[in-house]
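Work through the exercises below with the sequence and the model side by side. Try each task before reading its solution.

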Amino acid sequence: PAQGQADLYGPWENDKDTLNLDIDNFTQTVQAHKLIMVELYQTTCGHCRQLAPHYAKAATELKKDGIPIAKVSMDVEKNHPLA
């Protein structure tokens with residue numbers, strides 16, 4: 001992120017195991033998995049920010065069992081039709 005935006009992305013900085021989806025790969029990714037959890041989030045949403053570290057931890061734990069955890073940024077306008 002650009003300088004000044006670091007605070008917005010802080011809760012997601014160490015999120016290495018969550019799949020990042022968007023309008024281009026959403027359908028294909030969801031259809032490829034029998035079970036998947038997807039969060040639609042916005043960086044300015046307080047609830048999303050509070051959930052972020054727990055969601056990342058769940059992604060790491062569930063990855064061990066082959067269960068993907070994914071997220072879609074609603075900060076990106078092209079993703080709005082997914083909401």
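**Exercise 1. How many bridges join β1 to β3, and do they run parallel or antiparallel?**

Solution. Three bridges join β1 to β3, and the two strands run parallel. Two strands count as paired if DSSP finds at least two bridges between them. Take Leu 19: its bridge partner in β3 is Ala 70.

A note on the source. This is a predicted model, in which local features need pLDDT of at least 70, side-chain atom pairs count only at pLDDT 80 or more, and totals for chains, interfaces and linings use all residues. Residues are numbered from 1 along each chain as its sequence is written, and side-chain values use heavy atoms, with hydrogens and water left out.

**Exercise 2. List the elements of the chain, then assemble the sheet.**

Solution. Start with the elements: the chain has three helices and three strands. Helices (H or I, at least four residues) and strands (E, at least two) are DSSP runs, numbered from the N terminus. Their sequence from the N terminus is α-β-α-β-α-β.

Next, order the strands. The sheet is open and reads β1-β3-β2, with parallel pairing. β1 (19–21) and β2 (37–41) each have a single partner strand, so one side of each is left without a neighbour in the sheet. On average, neighbouring strands are turned by 30 degrees against each other, direction ignored. Axes here are lines fitted to C-alpha atoms, for helices over the stretch in contact, and angles run from 0 to 180 degrees between N-to-C directions.

Now the second pairing. Five bridges link β2 with β3 (residues 69–73), again in parallel. Met 37 has Ile 69 as its bridge partner in β3. Glu 39 has Lys 71.

**Exercise 3. Trace the path from β2 to β3 and give its handedness.**

Solution. The chain leaves β2, passes through α3 and enters β3; this β-α-β crossover is right-handed. The term applies if, with the strands pointing away from the viewer, the path from the first strand over the helix to the second runs clockwise.

Place the helix. α3 (residues 46–63) lies across β2 and β3, at about 160 degrees to β2. Leu 51 belongs to α3. Its C-alpha atom is 9.9 Å from that of Glu 39, 12 residues away along the chain.

**Exercise 4. Sort β3, Leu 51 and Pro 81 by burial.**

Solution. Set the cut-offs: buried is under 20% relative accessible area, exposed is over 50%, and partly exposed lies in between (1.4 Å probe, protein chains only).

Take β3: five of its five residues are buried. Ile 69, Lys 71 and Ser 73 cover one side, Ala 70 and Val 72 the other, and all are buried. In a regular strand the side chains alternate between the two faces of the sheet.

Leu 51 has 36% relative accessibility, so Leu 51 is partly exposed. Pro 81 reaches 63%, so Pro 81 is exposed. Pro 81 sits in the segment after β3. Pro 81 and Ile 23 are 58 residues apart in sequence, yet 7.9 Å apart from C-alpha to C-alpha.

For the chain, 29% of the 83 residues count as buried.

**Exercise 5. Which elements have the lowest and the highest mean pLDDT?**

Solution. pLDDT is the predictor's confidence in each residue, from 0 to 100. The chain averages 90, and 89% of the residues score at least 70. Helix α1 (residues 6–9) has the lowest mean among the elements, 62. Helix α2 (residues 26–31) has the highest, 97.

Methods: Contact = heavy atoms within 4.5 Å.
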